[in-house]
Structure formats: C-alpha cells, structure tokens
Amino acid sequence: MLKELIKKEMIVAMKNKDKKKKEILGVIVSEIERAEMKKKSDLVNKERKAEAKRLNIEPDKVELSQEKIDEINKKAMFTEAEEVKIVEKLLKSATDTLEVLKDKKNRMADIENVKLEIAIYEQFMPKQMSETEITEVINIVLAKLNLVDKATKNDKGMIMKEL
C-alpha cells in the first residue's frame, strides 16, 4: 500500500536528516490516516444507527460486537486508489498555492518549498500517459474495431467501451 511506502520513505528521510522531506511525507501519512479514521467513524455511526433502529433504542446505547468492529476496521482500510486520491488532493492544493505565489517575487523561499512539496507528491502519483502513448492506444482500439479513418460520432460509445 502507498501509505506503507511513504512511511518507509519517511524513515529514509529521517536517516538522511532531510527534515523538510520528512515533514511533507508526514503530512501525506497524516492526511491518509485522518481520512481513514473519518471513514471508520462514519461506518461505526451507520452500523449503530442500523442496529438501534432494529432494536428500537438510541444509537449511542448500541454496543457493537468485536466481530462487527473487526469487519468495520477491514472496510475502513483505504485502497491504494483512495490513498492516491489523498495525494492528488494535496498535489492540487500545492499547485494552486504555487500559482498564487508565482507573482510574488519576494516569496522565493516559499516558492521553492512548494516546488519541493509538488515534487514529493508527484513521486507517489501513478505515471501519467503521454499524449503519444494515448494516441497509440486509441489507434490500436480503432484498428481492433476496424474503424481506422472511418469512425463516426455514433461509434463513440463502442470506442469508449474498448478504451
């Protein structure tokens, strides 16, 4: 999982005495863990409400079994895709901050810090396909569907399904 990889990178940053990188990696881990806790809390509340409704009592009086808690803990674990979304959100925020700072020449240190943040966030994002790679995939799909140079708007659904 991505969170475990980031924690390992944090250890390396600590060993290398790279305080800034350790801080940025710590922010990522904290954001992921905070989101996992929120997801777990939401699942617990939902389960308590359902059980309370079934028993016709107040939700705060419901005690969940250990089995149910274990089940909730499993469901609350983030998938790698959910972890990537957190990193993506942090990356977007840092990119927006950089745009705001670009016009401020007296904030060069801040700009460099944000650029470092962006570089670290990008390190944990999935590799994006280049325009050339995307074009190659589209051409392969068009050839497979026998639509090279003759695809129409009506074929869009079939093409998208293959893509």
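## Glutamate 99 and lysine 102

Glutamate 99 has a relative accessibility of 47%, so it counts as partly exposed. In this predicted model, its side chain takes part in a salt bridge with lysine 102, and the closest N and O atoms of the pair are 3.4 Å apart. Lysine 102 is partly exposed as well, because its relative accessible area is 42%, and partly exposed covers the range between 20% and 50%.

Elsewhere in the chain, Glu47, Lys68, Glu71 and Lys75 are joined into one network by salt bridges that share partners.

## Salt bridges across the model

Side chains of opposite charge can pair when their charged atoms come close. In this model the count comes to 15 salt bridges. One of them lies within a helix and another links two helices, as described below.

## A pair within helix 3

Lysine 68 and glutamate 71 form a salt bridge through their side chains, with an N to O distance of 3.6 Å. Both residues belong to helix 3, which spans residues 66–76. They are three residues apart, about one turn of the helix.

Lysine 68 is classed as partly exposed because its relative accessibility is 24%. Glutamate 71, with a relative accessible area of 34%, is therefore also partly exposed. Both residues are members of the network that includes Glu47 and Lys75.

## A pair between helices 1 and 2

The side chains of lysine 7 and glutamate 33 meet in a salt bridge, at 3.4 Å from N to O. This pair links distant parts of the chain, with the two positions 26 residues apart in numbering: lysine 7 is in helix 1 (residues 2–15) and glutamate 33 is in helix 2 (residues 19–55).

Lysine 7 has a relative accessibility of 30%, so it counts as partly exposed. Glutamate 33 is given the label partly exposed because its relative accessibility is 30%.

## A nonpolar surface patch

Met129, Ile134, Val137, Ile138, Met160 and Leu163 make a nonpolar patch of about 510 Å² on the surface. Helix 6 (residues 131–144) supplies the largest share of this patch, three residues.

Isoleucine 134 is located in helix 6. Its relative accessibility is 39%, so isoleucine 134 counts as partly exposed. That value also passes the cut-off for patch members, which must have over 30% relative accessible area.

Technical notes. Residues are numbered from 1 along each chain as its sequence is written. This is a predicted model: local features need pLDDT of at least 70, side-chain atom pairs count only at pLDDT 80 or more; totals for chains, interfaces and linings use all residues. Side-chain values use heavy atoms; hydrogens and water are left out. Patches are made of residues with over 30% relative accessible area and no salt bridge: like charges are joined within 9 Å, nonpolar side chains (Val, Leu, Ile, Met, Phe, Trp, Tyr) within 5 Å. Accessible areas come from the Shrake-Rupley method with a 1.4 Å probe; for residues, only the protein chains shown count as cover. A salt bridge is a side-chain nitrogen of Lys or Arg within 4 Å of a carboxyl oxygen of Asp or Glu. Helices (H or I, at least four residues) and strands (E, at least two) are DSSP runs, numbered from the N terminus. Buried means under 20% relative accessible area, exposed over 50%, partly exposed in between (1.4 Å probe, protein chains only).
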